[in-house]
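Load the model, switch to cartoon view, and keep the selection box handy. We'll go from the sheet outward to the helices.

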Amino acid sequence: MSDDGRTTGVIIGTSIVTLITGYMLGLFSARGYLISPALAEERRRFRNDPVESEESDIDEDELPAGTMDHAPNWANGAEADRRQGLRVGSRPEARDTGEECKLVLVVRTDLGMTKGKIAAQCSHATLACYKSISRAASTSPQAAALLRRWESLGQAKIAVQVKSQEEILDLRKQAKALGVTAEVIQDAGRTQIEAGSMTVLGVGPAPKSLVDKVTGGLKLL
């Protein structure tokens, strides 16, 4: 074999060996064979023991005295809230010294709704109440000021529970008598529950003292 033929053979052989070696190194690295034992153990534990979020029910009787029964979006401080449009100091309504406003979502627990179903129904109730008070705000300066105050101070929402449709109807009657927005959601019956079932009552947004006259005695969901 000529020298040129030997050179070509060496080049081809070297290329093949390099390709195979690179492939094997990549494969071993991907499977964790070439990393430190500590890191390999950490990866193994992460794959075999994923972290799952947990939810716990909170009984209002267990809350410390003075604990707020809701959580407006104030955790990041006033400056962060201003960036998110929740507190705008230049707007006249942000300086409103009126009472805090809130929206309470009264959920029926006797229907056996899943968490996802409850979330969807509460969303319907929130939107229904917002649309109702927005319509009123177009002709009532008082309703407009109330809506602006609720929007600018965190849009507080609280979920509470009842166990029957009769309670829902009675609470709505009480709210209407006080002039407080009250909207009931009736399910279409496409999934979990019977069509026409009253699932959630939205009370507010309205001054906290008025809403508490209607829902203050109910337990948190």
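Before you click anything, some ground rules: two strands pair if DSSP finds at least two bridges between them. Helices (H or I, at least four residues) and strands (E, at least two) are DSSP runs, numbered from the N terminus. What you have open is a predicted model, where local features need pLDDT of at least 70 and side-chain atom pairs count only at pLDDT 80 or more, while totals for chains, interfaces and linings use all residues. Residues are numbered from 1 along each chain as its sequence is written, and side-chain values use heavy atoms, with hydrogens and water left out.

**The whole chain**

Colour by secondary structure and you should find seven helices and four strands. Walking from the N terminus, the order is α-α-α-β-α-α-β-α-β-β-α. Of the 221 residues, 30% are buried, where buried means under 20% relative accessible area, exposed over 50%, and partly exposed in between (1.4 Å probe, protein chains only). Turn on contacts (heavy atoms within 4.5 Å): among those with a separation of 6 or more, 70% link residues 24 or more positions apart.

**The sheet**

Now select the four strands. They form an open sheet in the order β2-β1-β4-β3, with mixed pairing. At the edges sit β2 and β3 (182-186), each pairing on one side only. From one strand to the next, the twist averages 20°; axes here are lines fitted to C-alpha atoms, for helices over the stretch in contact, and angles run from 0 to 180 degrees between N-to-C directions.

Zoom in on β1 (101-108). How many of the eight residues of β1 are buried? Eight of eight. In a regular strand the side chains alternate between the two faces of the sheet. On β1, one side carries C101, L103, L105 and V107, and the other K102, V104, V106 and R108, all of them buried.

Next, show the neighbours of β1. With β4 (198-207), β1 pairs in the antiparallel sense over six bridges; pick V104 and you'll see V203 of β4 opposite. With β2 (157-162), β1 runs parallel, again joined by six bridges. Two spots to label there: V106 has V160 as its bridge partner in β2, and L103 stands opposite K157.

**Helices on the sheet**

Select α4 (115-137). This helix packs on the sheet and touches β1, β2, β3 and β4, with its direction at about 40° to that of β4. While you're in α4, click S132. Is S132 buried or exposed? S132 counts as buried because its relative accessibility is 16%. Leaving aside residues up to four places away in sequence, S132 touches T181 and E183.

Then jump to α7 (residues 208-215), which lies across β1 and β4 and runs at about 150° to β4.

**Last stop: α5**

Select residues 141-152 for helix α5. Put a distance between the end C-alpha atoms: they are 16 Å apart, which agrees with the 16 Å that 12 residues should span at 1.5 Å a residue (the expected span is 1.5 Å times one less than the number of residues). Show side chains for A143, A144, A145, L146, L147, R149, W150 and S152, which are buried. What covers the buried residues of α5? The cover includes β1, α4, β2 and β4. Step past the end of the helix to G154, where phi is positive, near 100°.
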